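Student: I should like to learn how to read a metal site and the packing of helices. Could we work through an example together?

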Amino acid sequence: MPSTSFELQPTHLWKHFEQILKIPHGSGSEKAFGEHVLAHAKNLNLSASKDKVGNIIVRKPASRGKETSAGVVLQGHLDMVNEKNSSSAHDFAKDPITAEVKDGWMHARGTTLGADNGIGIAAALAVMEDTSLVHGPLEFLFTVEEETGLTGARDIQPGALLGKFLLNLDSEEEGTYTIGCSGGGDSEISLPLKRKASRLKNAYRLKISGLRGGHSGLDITQGRANALKLLARLLSQAAPRIPLELLKIEGGNKRNAIPREAWADILLDPAKIPAFQAFLDKAGADIRFEYGSVEKEFQGRLEKIPLKKSDAPLTPASQSALVAFLDACPHGVLRMHPEIAGLAETSTNLALIRCAKSKAEIICSSRSPIAPALEAARGMLKSLAGIAGARIRQPESYPGWAPNLQSPLLQTMKDVYRKTFGKEVRVVAVHAGLECGIIGEKFPGMDMISLGPTITHPHSPEEGVDIASVGVFWKLLMSALRDLA
Ligand SMILES: [Zn+2]
């Protein structure tokens, strides 16, 4: 069995990470890692508890003279994303991760490394045992199943934490503090479809492909095209000129991804193909003109497909309701953040559609750190569904974390960074969900910041951690605990 050992600074942090690499801890399998954390706390005579889902809280008393200082919570998630190259024989259920150090970076051999969030947890374990630190009363919160939907954080008991400040250790860029994230909520729309008989015997697929897609939050400001929106545009433009009958529309894969491909299966008189092709050439050129710099690989194509006996097209009313719904459905940024340049505040993603015989199922996914703005975005979708005669289900949303540029913790942490490193820290918020959103809702008034070392390509076998940035992260953490005490 290959083993991993390294002599890096700070030694106690890296010693803990070395141990973490030996304990399998993919999402849903954090039990052994949790036991390891509890044993460490017990060895140090610190009070520790585990809740029913596996989240762990450890308390460390203040250093001498700091007993009345405000409490600080250090927080991270126990789970990692298990991903490996197809050539790797690694068994995530039992094999230790093999880490390699090269050119100042640490990577795993053929698998994710788990620096996300293993380095943050290793730092917390080092803080627990380090008696040289100056700090107020400390709490450590370790959550489970962050990577699969922030589910551990959702189960934290209200009142479980006493601290006033929370440092989330799950950021992936040294030199940056994260101070906000979006909340989100889906809308599941079911549009009834009616079908009819047809004399047309030739079926074609109109397909949009080659788009870049991306994360529906992090990439929503990039101005990329949505394949479903382009398809709906083409169909609504074509309909008055060329009589076509719609069989189905499909596209998109995931709720949190911008659709890269979409297609419509249609019935068309073969005599109309030249006219349709001419229309498509012109409309395609218009799309290239509009998106050319960002969507260089865009393709819109018509191809012949076999017609099944059971295929019946939509009635004219169903066809226009479906196309109009997609064409009118909002997609993209609804509002930019008024104070943080480049940050989307509220957005919505027309994520996917599947057509069955008697209904079309459409999913939209909306985001905002501001709860009323999120509900207003979902309200628009509800109104649109009402106009189209569709049913809509809107499951409970998850909360965001609204950036507070006046936060006392942020002021202190900016000063700490400047004093420690002689330069300014960058302050950002992300248009995606983080555990701080959930935690903030459970502990109103908790002042939070997220920080961490530099980790590249998390969740993939290319994941790497910049070793020097871990030293900087540790130094920052020590200074922060001292200045917050
Ligand atoms: Zn993480």
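Tutor: We shall take the metal site and then two helix pairs, bearing in mind that this is a predicted model.

Student: Which protein atoms are the donors of the zinc ion?

Tutor: The zinc ion has His77 (NE2), Asp116 (OD) and Asp170 (OD), the last listed twice, as its protein donors, at 2.0 to 2.7 Å. The donor residues follow the spacing H-x38-D-x53-D in sequence. Asp116 belongs to helix 3 (residues 115-129), whereas Asp170 sits in the loop between strand 7 (165-168) and strand 8 (176-181), so this pair ties together parts 54 residues apart in sequence.

Student: What is the geometry of the site of the zinc ion?

Tutor: Four donors count as tetrahedral if all angles lie between 85 and 135 degrees. Here the angles among the 4 donor atoms are 51 to 144°, and the site is irregular.

Student: At what angle do helix 2 and helix 3 pack?

Tutor: Helix 2 (residues 31-43) packs with helix 3 at about 15°, their axes being 11 Å apart. Helix 2 is therefore roughly parallel to helix 3. In this contact Phe33, His36, Val37 and His40 of helix 2 meet Ile121, Leu125, Met128 and Glu129 of helix 3. These comprise 5 nonpolar, 2 polar and 1 charged residues.

Student: How are helix 5 and helix 6 oriented to each other?

Tutor: An angle of about 140° separates helix 5 (residues 227-238) and helix 6 (residues 273-291), with axes 11 Å apart. Angles over 145 degrees count as roughly antiparallel, so helix 5 and helix 6 are oblique to each other. Their crossing is right-handed, and the contact residues divide into 9 nonpolar, 1 polar and 2 charged.

Note on methods
Residues numbered from 1 in each chain as written. Predicted model: local features only at pLDDT ≥ 70, side-chain atom pairs only at ≥ 80, totals over all residues. Heavy atoms only, no water. Axes fitted to C-alpha atoms, helices over the stretch in contact; angles between N-to-C directions. Helix = DSSP H or I, 4+ residues; strand = E, 2+ residues; numbered from the N terminus. Parallel < 35°, antiparallel > 145°, perpendicular 65-115°, else oblique. Left-handed = near helix turned anticlockwise from the far one by under 90°. Nonpolar A, V, L, I, M, F, W, Y, C, P; charged D, E, K, R; others polar. Donors = N, O, S within 2.8 Å, 3.2 Å for Na, K, Ca; no water. Tetrahedral: all angles 85-135°; square planar, octahedral: opposite > 155°, others 65-115°. Contact = heavy atoms within 4.5 Å.
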